[in-house]
Amino acid sequence: MSVPNAVEILLVEDNPHDAELTLRALRKRRLANSVLHVRDGEEAIHWLFAMGAYADRDTDHKPKLVLLDLKLPKIDGLEVLRQLRTHEETKLIPVVMLTSSREEQDVVESYRFGVNSYIVKPVNFDNFSEAVALAGHYWLLVNQEPK
Amino acid sequence: MEADENPPFSEGQYQLLFERNPLPMWVYDPATLRFLTVNKAAIRHYGYSRKEFLGMTIKDIRPAEDVPALLADVQANQSTPTVTSVWRHRKKDGTLIDVEITSHEFQFGEHKTKLVLAKDITEQLRAEAQVCQLNEDLEGRVSERTAELTAVNKELEAFSYSVSHDLRAPLRAIIGYSQLVLEDYAARLDTEGQRLLGVIAAEALRMSQLIDDLLTFSGIGRQRVQMTDVDMTALALSAFQSLISTHLPKAPQLNIKTLPPARGDSAMLRQVFVNLLDNAIKFSRVRKDATIEIGGSCARDQNVYYVKDNGVGFDEKYVTKLFGVFQRLHAEEEFAGTGVGLALVQRIILRHGGKVWAESKLGQGATFYFALPVRKES
């Protein structure tokens, strides 16, 4: 996937089918033009902090939303979230957990690390599309971010 | 003569008391350590003749390494009237025994001597040591088992964690992609093709429901029961209201009596009412005059609660299957459900130390009971 000029949504998802369903749900609401999809926690960290393959990225540009899966190869979602929240320049980026897990410990941990929202991926496709679209719509179009 | 004093013994009677005493006794001279007299029990127990004894000192019935301690003890306790202590003695045949020695100051003719009573406690000490060993073994085994259980529990937790993560993803794909085909290729699919895809999606959805229910079920087993005082009437009422507001076009008639309060985990007990009432509503929906009754009573050591409906009921032949996981007594097309509801009810009540049972006649409604033990506040 090519990197859009101005990434507004960073989608961190290792399951290609979940990713396709997510992108499709976003596309339906015309929110998919500026999505970057990365496949593990390490790639997410590299992009967010302009490291590795993304070393040349302009870090002044911040995404409006990170859609973060919990269970990811290499570096898991909680660790990505933790790193985002410990660095001054990434501290305020809205992060929404989008995960299969409804385990209480995962929800509590995510909130403890400062997640903005926690969404359990519905198994039903209509509900799933609706949840993704709502989250995208809210954070991109409704929410007022600090200037 | 004072009433609490014994009448005096004659010297002969004292002699008899000494000679016939079942415990080994002797008198020795603390200055020379020589035996001055021994009784029959001592001769029998130690194996020396009276003559041999009178030619020996009290050092001679001890292992050599204990003699310094003996000498120190004799020195230290010279003027102590009565002493009890444990020593090792050696019999004539070389056997070592543990003895509890009680020694008294004793006037023997002209001499100030010591009268000694020796009680063989070898067997007693051996038995005590054995009990100690057994206790230690038992503790060892208990902590071993506890460790095993903890490991199994951890494994189970990891298992359900991975189930909750990994098993849902393929189902989401099955349902999602069926939907994509329906959306993108609707024009090229006839009604039968659409129906078939619909079945695939519906079954995947049902499997996801099964997974959810199974996780809830296994979660109840792992969860800690948090005991509080529970207002069962309010709990039952709120459970009923949550059910009729979510999925009922027409609510059944509810007849609720005042229930005895309980001591238990309020969230879990709420789940019990939700599941029982959900069933009651589901199986009485076919009736125009659907009525549900909730009641309870106090017995001596337990409170009994019940949920009664006038629905389709069940055949009591199958009552044993009722509370099993994934057991259903009705066809899926007739009444939806995964068959986990009553299993969950039973599990929760068992975890509270109570029990569940049910009565019914086919076509005449069913009554589900559960009993909770009444705990006295300590």
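Student: What share of the 147 residues of chain A count as buried?

Tutor: In this predicted model, 36% of the residues of chain A count as buried.

Student: What makes a residue buried rather than exposed?

Tutor: Neighbours are counted: a residue is buried if 20 or more other C-beta atoms lie within 10 Å of its own, and exposed if 12 or fewer do. By that test, 25% of the 378 residues of chain B are buried.

Student: What pattern does chain A follow along the sequence?

Tutor: Chain A reads β-α-β-α-β-α-β-α-β-α. Its secondary structure comes to five helices and five strands. Chain B has nine helices and twelve strands.

Student: How do you know what span to expect for helix α5 of chain A?

Tutor: The expected span is 1.5 Å times one less than the number of residues. With 18 residues (125-142), α5(A) is expected to span 26 Å, and its first and last C-alpha atoms are 24 Å apart, which is close to that value.

Student: Which residues of α5(A) are buried?

Tutor: Phe125(A), Phe128(A), Ser129(A), Val132(A), Ala135(A), Gly136(A) and Trp139(A) are buried. Seen down the helix axis, the buried residues of α5(A) fall within an arc of 140°, so they line one face of the helix. Turned away from that buried side is a face with the exposed residues Asn127(A), Leu141(A) and Val142(A).

Student: What covers the buried residues of α5(A)?

Tutor: The cover includes β1 (9-12), α1 (16-28), β3 (65-68), β4 (95-99) and β5 (117-120) of chain A. Together with these comes α5 (122-184) of chain B.

Student: How many residues does each chain bring to the contact?

Tutor: Chain A brings 14 residues and chain B brings 13. On the side of chain A that touches chain B, α1 and α5 each supply at least two residues. The largest share of that side is the three residues from α1(A). By type, the residues of this side of chain A divide into four nonpolar, five polar and five charged.

Student: What makes the strands of chain A a sheet, and in which order do they lie?

Tutor: Two strands pair if there are at least two bridges between them. Between β1(A) and β2(A) there are four bridges, and these strands run parallel. One of the partnerships sets Ile9(A) beside Val35(A) in β2(A). The five strands form an open sheet in the order β2-β1-β3-β4-β5, with parallel pairing.

Student: Why are β2 and β5 of chain A called edge strands?

Tutor: β2 (35-38) and β5 of chain A are edge strands because each pairs on one side only. The twist in this sheet averages 20° from one strand to the next.

Student: What is the strand order and pairing in the open sheet of five strands in chain B?

Tutor: The order in chain B is β2-β1-β5-β4-β3, and the pairing is antiparallel. Its edge strands are β2 (35-38) and β3 (82-90) of chain B, each with a partner on one side only. Neighbouring strands of this sheet are turned by 30° against each other on average, direction ignored.

Student: Which strands does β1(B) pair with, and by how many bridges?

Tutor: Strand β1 (residues 25-28) of chain B is joined to β2(B) by three bridges, and to strand β5 (residues 111-120) of chain B by four. Both pairings run antiparallel and satisfy the minimum of two bridges. Trp26(B) stands opposite Val38(B) in β2(B), while Val27(B) has Leu115(B) as its bridge partner in β5(B). β1(B) and β2(B) also form a hairpin with six residues between them, and Leu33(B) in the turn has a positive phi of about 65°.

Student: Which residues point one way from β1(B), and which the other way?

Tutor: Met25(B) and Val27(B) point one way, Trp26(B) and Tyr28(B) the other, and all are buried. That fits a general rule: in a regular strand the side chains alternate between the two faces of the sheet.

Student: Is helix α8 of chain B largely enclosed or open, and how do you know?

Tutor: 14 of the 19 residues of α8(B) are buried, so the helix is largely enclosed by the rest of the structure. Its span also agrees with expectation: for residues 266-284 it should be 27 Å, and the end C-alpha atoms are 27 Å apart.

Notes. Residues numbered from 1 in each chain as written. Chains lettered and ligands numbered in written order. Predicted model: local features only at pLDDT ≥ 70, side-chain atom pairs only at ≥ 80, totals over all residues. Arc of directions from axis to C-beta. Contact = placed C-beta atoms within 7 Å. Nonpolar A, V, L, I, M, F, W, Y, C, P; charged D, E, K, R; others polar. Axes fitted to C-alpha atoms, helices over the stretch in contact; angles between N-to-C directions.
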